Amino acid sequence: MSHFSGSKQKPKPPINGVFPLDHEASCKDDMEKYKSCLRKNKSHHHKCQDLSRSYLACRQTNALMAETPLEELGYGHTVEDISVKSDKKEDRGFTAGAHIKQRKNKSWLWG
C-alpha cells in the first residue's frame, strides 16, 4: 500500500527568475552590514531598510539580479511610515487568565 499521492507536482520557477549567487563577493560588504544590522536589531528588518536597499542596488549594479525599480520591491515607503506594534503584554510576556483576580473561596460551586 502506497502512502504517496498519485499526482506528481511539478516545481515552479521563481516569479522574478533566477537570483544568482555572488561568487566574486561583489556585494559582500553590503550583505555583511545588512546581516549585522539584523542581528543587532533582533531581526527587525525595517530598522535596516537603508542597508537592504543598498545591498539590492549593489546586486542590480553588478548584474546579479534584474534591474527593477526599488519601489516595486517594496521600498516605496520610508522607515518613519512603518510602526512596530509594541504592547506591554508582548514586551513582558503574556499568560492567559493572569489578569483575573482569584476569589478567596477557591471553589466555584460554593462561591
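Helices α1 and α2 pack against each other at an angle of about 155°, and their axes lie 9 Å apart. The model is a predicted one. Because angles over 145 degrees count as roughly antiparallel, α1 and α2 are roughly antiparallel to each other. The crossing of α1 past α2 is left-handed.

The contact between α1 and α2 is made by D30, M31, K33, Y34 and C37 on the α1 side and by L51, S52, S54, Y55 and C58 on the α2 side. By class, the residues of this contact are six nonpolar, two polar and two charged.

**The two helices**

Helix α1 covers residues 28-40. With 13 residues, α1 reaches 18 Å from its first C-alpha to its last, close to the 18 Å expected at 1.5 Å a residue. Helix α2 covers residues 49-61. Its 13 residues should span 18 Å at 1.5 Å a residue, and the end C-alpha atoms of α2 are 18 Å apart, so the expected and computed spans agree.

The buried residues of α2 are Q49, S52, Y55, L56, C58, R59 and Q60. Helix α1 is included in what covers them. Of these buried residues, S52, Y55 and C58 also appear in the contact with α1.

**Pairs between α1 and α2**

Some C-alpha separations relate residues of the two helices. The table lists three pairs.

| Pair | Separation along the chain | C-alpha to C-alpha distance |
|---|---|---|
| E32 and L51 | 19 residues | 9.6 Å |
| R53 and D30 | 23 residues | 9.5 Å |
| K28 and R59 | 31 residues | 9.9 Å |

E32 lies in α1 and has a relative accessible area of 32%, so it is partly exposed. Its partner in the table, L51, is among the α2 residues that meet α1.

R53 has its place in α2. Its relative accessibility is 24%, so R53 counts as partly exposed. D30, with which R53 is paired in the table, is among the α1 residues in the contact with α2.

K28 is found in α1. The relative accessible area of K28 is 44%, and K28 is therefore partly exposed. The α2 residue paired with K28 is R59, which is one of the buried residues of α2.

**The loop between α1 and α2**

α1 is followed by K42, whose phi is positive, near 55°. Two other residues, N41 and S43, are found in the loop between α1 and α2.

N41 has a relative accessible area of 19%, and because buried means under 20%, N41 counts as buried. Leaving aside neighbours within four places in sequence, N41 is in contact with K47 and C48.

S43 is exposed, at a relative accessible area of 55%. Its phi is near 65°, a positive value in a residue other than glycine.

**After α2**

A63 comes just after α2 and takes a positive phi of about 55°. This is a positive value in a residue other than glycine. A63 is found in the loop between α2 and α3, the latter being residues 88-92. With a relative accessible area of 62%, A63 is exposed.

**The protein as a whole**

The secondary structure comes to three helices and zero strands, and the pattern along the sequence is α-α-α. The protein has 111 residues, of which 15% count as buried. Among contacts between residues at least 6 apart in sequence, 49% join residues at least 24 apart.

Conventions: Residues numbered from 1 in each chain as written. Predicted model: local features only at pLDDT ≥ 70, side-chain atom pairs only at ≥ 80, totals over all residues. Heavy atoms only, no water. Helix = DSSP H or I, 4+ residues; strand = E, 2+ residues; numbered from the N terminus. Buried < 20%, exposed > 50% of the residue type's maximum accessible area, 1.4 Å probe, protein only. Axes fitted to C-alpha atoms, helices over the stretch in contact; angles between N-to-C directions. Parallel < 35°, antiparallel > 145°, perpendicular 65-115°, else oblique. Left-handed = near helix turned anticlockwise from the far one by under 90°. Contact = heavy atoms within 4.5 Å. Nonpolar A, V, L, I, M, F, W, Y, C, P; charged D, E, K, R; others polar. Expected span 1.5 Å × (residues − 1).
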